[in-house]
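Visitor: I should like to understand how the two chains shown here meet. Please guide me through the model.

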Amino acid sequence: MASDSSEQVRDQTKRVEPLVKSPPIFSAQRVWVLMASTFTQLVRMKTFYFLAIFALLVIAASNLNLLYTPVQQLKVIRETSLGAMSIFSWLFAITATAVLIPRDLEDRTLYTILCKPVPRLEYLVGKLLGVLAVIGVALALMCGLFTVILHFQETSIIASEMHHMAQNPRFTEEDRITEAAMIAAYGPDLNLLYGVLAVFLKSAVLAAVAMLVSTFASSSLFTIIITFVVFLIGHFHKMATDFWVVEQQGGWITRMIGKVMILVIPDFQIFNISDSISSGQVVGLATMVEMSGLAALYLGLFTIASWFVFSDKEF
Amino acid sequence: MALFAKKFFLVVMLLLIGGLIRAPWEKKLNGELSAAGLLSNPPGESLREQMGQSATLAALGGLRSLVSIYMTLHAHDAWQMTDWETVERDYHIITTLQPRDVDSWIKGAWHLWANASANVQLNESLPPALREKMRQEYVDKGIVFLQQGIRNNPQAAKPWEELGFVYREKKHDYCAAAEAYRQAYARPHASAYLVRFVGYMLAQCPGHEREAYDYLRALYDEGAIHRRLPSVIVSLKQLEEKLDIPLIQRIPDVHPDILRQERAKKREQKLPGGIRIQ
């Protein structure tokens, strides 16, 4: 009898399953949820109102004609659009990332999230991806809008040029084909997408820097100022390298500080290829892959550094 | 505080190690992008002084094209005020920011050799000799500007074509114009009419008449319709006279001016009621 009861107890013990499963170390689903909520949170801040200003800017640029040649007319649209995209994306990357953690603290959302089994790394990655998603969607919309305007402008300019050349006997069929090809080279093409990608990569790295700063910053304003300073310094990389490293200027302490700065602060100038692309320079896929790889390395480094600071931060 | 310092030190160490990993990669990519003409050097000291701090920062921040659009607007304004020094300085900045923008080189040069030179020529407050001297100076500046554009864009046909035009119209140096047109035609995307312009200029270049005749005759003998345009025929006929080419070797075409007169006469005859148009 006693052995029977002990067997029953053993069976019951076997059937009992743990009530709470230990969470996976990294869950893409959780990151996705955090990213989606960050995306919604940022969209509710009326971020996309910028698109209206952008549309006006592109339309104004397409109607600007200071004795421009047909090619220059298209070039102005390309340059203005890519420039506006660049300004929007880096401004947004700094400000949006800077307000995220303080806003979560203010709304007490941070406590709700972190008291659940959500690793802090996932929280940071989700927040960062949310910012990048907003920048990506905004850039895609702007790219679509300006591609349409550029296409219509290109078509109308080619038609008008062909009509003009057809009336002048000096121009042969070959001349007309060459002119049309030269104008079409400044129409919408794959290179413009590469330019937009470079703009996105630059703002992604900047957002990661802002994330790191915001993990130890006392206020959003502090994060914005420090990230902006890092952004500016990041554009002086080549000048700094030439000055301190190549020309060996200054004392050894200055040179050492210079070298440390060059190694710690990202080189933002390397992503500034959209200027040349808007002027008609061609970029290869391999270069873009390499640039994306470098941006991924920066993102990884700054996210790990952010996690390191944020991992045992008390609120 | 000690914990914060420790963390700060460790974060810097992590970023330093990351920096050491990425430095060679970055250097390689930088080299590739510079070689492909995708990255420009930072503005030099003199340019930074001319642009001002805000424009320099914008240019360094990857907004070169926006700064250059702003400078173009500024130059346009200065052009309307006939402030040639500002126009020249602005285009110097624009072309330094975007050295591969061929149109900016051409437009900057045009402001100098065409607009500025014509403006000083018409300036009656200056003595005639000085006006002529200043006109020549602006034409020369335009030529130098175009030559800089050519050095920065060795494969572009347009600056060479423009240079040929300036030599032809402003300097009346037909030998230099012929060479410029020849260089333009040798480059990709050159206009097809440039092949004839080389011959026209050679025909007016002293001592090159025979070369011009052989060149234009070769074009004529190709037989294509655009190789036998009235201007080719007129040039050939003038050269035949000048070089005293035997009649048997001359081109059989009637002089285009005679053709034109004959056509006009026929039109007159066809008019009903004997109406004549003067």
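The following exchange treats chain B and then its interface with chain A.

Guide: This is a predicted model, in which local features need pLDDT of at least 70 and side-chain atom pairs count only at pLDDT 80 or more, while totals for chains, interfaces and linings use all residues. Residues are numbered from 1 along each chain as its sequence is written, chains are lettered from A in the order in which they are written, and side-chain values use heavy atoms, without hydrogens and water.

Visitor: How many helices and strands are there in chain B?

Guide: Helices (H or I, at least four residues) and strands (E, at least two) are DSSP runs, numbered from the N terminus. For chain B the result is zero strands and 13 helices.

Visitor: Which helix gives the largest share of the side of chain B that touches chain A?

Guide: Contact means heavy atoms within 4.5 Å, and 65 residues of chain A are in contact with 57 residues of chain B. Across this interface there are 13 residue pairs in polar contact, both at pLDDT 80 or more (N or O atoms within 3.5 Å; within protein, one able to donate a hydrogen and the other to accept it, and residues adjacent in sequence count only if both atoms are side-chain atoms). Among the elements giving two or more residues to the side of chain B are helix H1 (2–35) and helix H6 (102–121). The largest share, 20 residues, comes from H1(B).

Visitor: Which residue of chain B meets A:Lys75 in a salt bridge?

Guide: A salt bridge requires a side-chain nitrogen of Lys or Arg within 4 Å of a carboxyl oxygen of Asp or Glu. The rule finds three across the interface. In one of them, at 3.7 Å from N to O, the partner of A:Lys75 is B:Asp103.
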